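The following report considers selected features of one structure, taking up charged pairs, an enclosed space, a surface patch and a backbone conformation in turn.

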Amino acid sequence: MPTLSGKIRKDRRSRLNPSTWHLRTRLVLVAMALLVAICGAIGLFSYASMDSFLTRQLDERLSQAARITNNAGRPQQGNPGGRPDPLESRGPGVGTLFARIQNGVVSGAGFLAADASRATLSASDDAILLALNRDGNPVDRTLSAGAYRLVAVETPYGDVTVTGLPLAAKQNTLNSLVWTMVVVSFGGLVLIGLAGTVLIRRTMRPLEQLSEVATQVSRLPLDAGEVALAVRVPPSNADPGTEVGSVGHALNLMLDNVSKALESRQKSETKVRQFVADASHELRTPLTAIRGYTELMRMTENFTPDGRKSLARVQSQSERMTTLVEDLLLLARLDEGQPLKIGDVDLTQLAVETVSDEKVMAPDRVWQLELPDEPVVVRGDATQLHQVLANLLSNARKHTAPGTTVVTGVMRSADGSAVVTVTDDGAGIPPEFVHRVFARFARADAARTSPAGSASGAGAAGSAAAEGTSGLGLSIVQSIVEAHGGTVEVSSRPGRTEFALRLPCEPRAG
């Protein structure tokens, strides 16, 4: 009986649900993207604000410097044509630029170097100074000495003075601001990302539990057998007052409903199986009587040819019915899990005996054996394992054309289990029928039969009715193999159909 609680605990320790992990990752990425956008907007606003503030501050200093240089450059009394150099006065600071324009000619252009000495500008700078507007508004220009904030003012003395201050200090301040914001923002994003991951993980934990419960339930074999749905969402995650709790509560209600449906189905299946077992058991006696009286009449009475034919038909149908009843009884016992009669079974000897029987019944097929040098012995029920191999070979005989080669192989696999294969080169099983070939009473469409009655291959149940079979043979094979703890598989294509059963050295307990 499959149980769910143990699987849930094991799965919770071993892995994280992929869908939950992807959802958590997406939430973290969205949060990080929003934080990056916010930090970028704050950075742009801060940069613009700082640039505006530093520009106003520089313009104020530039205005003061322009007044100082203009005052220092006024004509001296008694010497109207001579003008003192403003850069040689005490007011200007390092980097201050001054130039005078008179009659379209730049004169006295220079700036204070770092050692407080006067440095001259290059000839290419004259064109830049001559192109300045003389409205007193500061502008940024790049000269040979670097980037400058310049202002050109007409004086009452008929000339134009140009005063400038370097932009290097302003740019350095802005660069420092950018780097500071980048470092602080990156550190903040890392810290917020880690904190967000922890918070989202804690928030998503209830959804992980819901996902684990739903995933495990979806993987249970609910189509047959008794299934115990003992696990539910914990009460802490099933409170209808919360979003996640409402989902957990709904999931618990669904599991309760599914559990009741499974219990009802199991009771119904049990009743059906019991009815089949009882009916099959009760039919054995009248069927035995029919066969006996038929044989007695055949031996003691004289019949016309048509009468003998009819009596033979009654006898063959009673034998077929007896086989069906025996198969149903065997399936009922296997469903009930009745204990096996365990003993040592030599599969190689079993294959030789079963193939020999089929050779007598169908000499028009080519029967081959592929056996190892050493016997392959397993622990199992010899009678049931013989029926498994007999059913597979019988299907190969009934559902292939004369001349088909049927190969029975026995081997020991690397893990110690025994492998038995039955392979034929018939027409193959229809692809749409392969997945249900082991179902009870399964028969393929009779329109897909071979000239000999079927084209279905070694184990197909195609045209089973025409061959006098019930469609239970492969169901019995699967049930017996699974009762021994093994598996049986089928692969089919035109020209090759193979049934492979794998049996452990020791059958499973119970």
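## Salt bridges

The count of salt bridges comes to 11. The model is a predicted one. Three of the charged pairs are set out below, each with the separation of the closest N and O atoms.

| Pair | Closest N and O atoms | Separation in sequence |
|---|---|---|
| Arg379 and Asp344 | 3.1 Å | 35 residues |
| Arg397 and Glu358 | 2.8 Å | 39 residues |
| Asp415 and Arg502 | 4.0 Å | 87 residues |

The salt bridge between Arg379 and Asp344 has its closest N and O atoms 3.1 Å apart. Arg379 belongs to strand E9 (residues 377–380) and Asp344 to strand E7 (residues 343–346), so this contact ties together parts that are 35 residues apart in sequence. Arg379 counts as partly exposed because its relative accessibility is 29%, whereas Asp344, at 59%, counts as exposed.

In the salt bridge of Arg397 with Glu358, the closest N and O atoms are 2.8 Å apart. This pair links distant parts of the chain, with Arg397 in helix H8 and Glu358 in helix H7. Arg397 has a relative accessible area of 16% and is therefore buried, the cut-off for that class being under 20%. Glu358 also counts as buried, because its relative accessibility is 5%.

Asp415 and Arg502 form a salt bridge with a separation of 4.0 Å between the closest N and O atoms. Asp415 is placed in the loop between strand E10 (405–412) and strand E11 (418–424), and Arg502 in strand E13, so the pair ties together parts 87 residues apart in sequence. With a relative accessibility of 59%, Asp415 counts as exposed, while Arg502, at 36%, counts as partly exposed.

Beyond these pairs, a network of salt bridges links Asp59, Asp140 and Arg149.

## The largest cavity

A search of the whole structure finds 2 cavities of 30 Å³ or more. The largest cavity holds about 60 Å³ of space. Its lining is formed by Leu347, Leu350, Leu385, Val388, Leu389, Val420, Leu501 and Leu503. Helix H7 (347–361), helix H8 (382–398) and strand E13 (496–503) are the elements that give two or more residues to this lining. Helix H8 gives the most, with 3 residues. Classified by residue type, the lining has 8 nonpolar residues, with no polar and no charged ones.

Helices H7 and H8 thus appear in two settings: they contribute to the lining of the largest cavity, and they carry the residues of the pair Arg397 and Glu358. Strand E13 likewise contributes to the cavity lining and holds Arg502, the partner of Asp415.

## A nonpolar surface patch

Tyr47, Val178, Trp179, Val182 and Val183 make a nonpolar surface patch of about 490 Å². Helix H4 (residues 168–219) supplies the largest share of this patch, namely 4 residues. Trp179 is located in helix H4. This tryptophan counts as exposed because its relative accessibility is 61%, the cut-off for that class being over 50%.

## A positive phi angle

Asn103 has a positive phi of about 55°, although this residue is not a glycine. Its position is the loop between strand E1 (97–102) and strand E2 (105–112). With a relative accessible area of 75%, Asn103 is exposed.

Notes:
Residues are numbered from 1 along each chain as its sequence is written. This is a predicted model: local features need pLDDT of at least 70, side-chain atom pairs count only at pLDDT 80 or more; totals for chains, interfaces and linings use all residues. Side-chain values use heavy atoms; hydrogens and water are left out. Patches are made of residues with over 30% relative accessible area and no salt bridge: like charges are joined within 9 Å, nonpolar side chains (Val, Leu, Ile, Met, Phe, Trp, Tyr) within 5 Å. Accessible areas come from the Shrake-Rupley method with a 1.4 Å probe; for residues, only the protein chains shown count as cover. A salt bridge is a side-chain nitrogen of Lys or Arg within 4 Å of a carboxyl oxygen of Asp or Glu. Buried means under 20% relative accessible area, exposed over 50%, partly exposed in between (1.4 Å probe, protein chains only). On a 1 Å grid over the protein atoms alone, a cavity is a set of points where a 1.4 Å probe fits but cannot get out, and a pocket is an open set with protein on both sides within 12 Å along at least five of seven lines; lining residues have an atom within 4 Å of a point. Grid points are joined across faces, edges and corners, and a volume is the space filled by probe spheres set on the points. Ala, Val, Leu, Ile, Met, Phe, Trp, Tyr, Cys and Pro count as nonpolar, Asp, Glu, Lys and Arg as charged, and the others, Gly among them, as polar.
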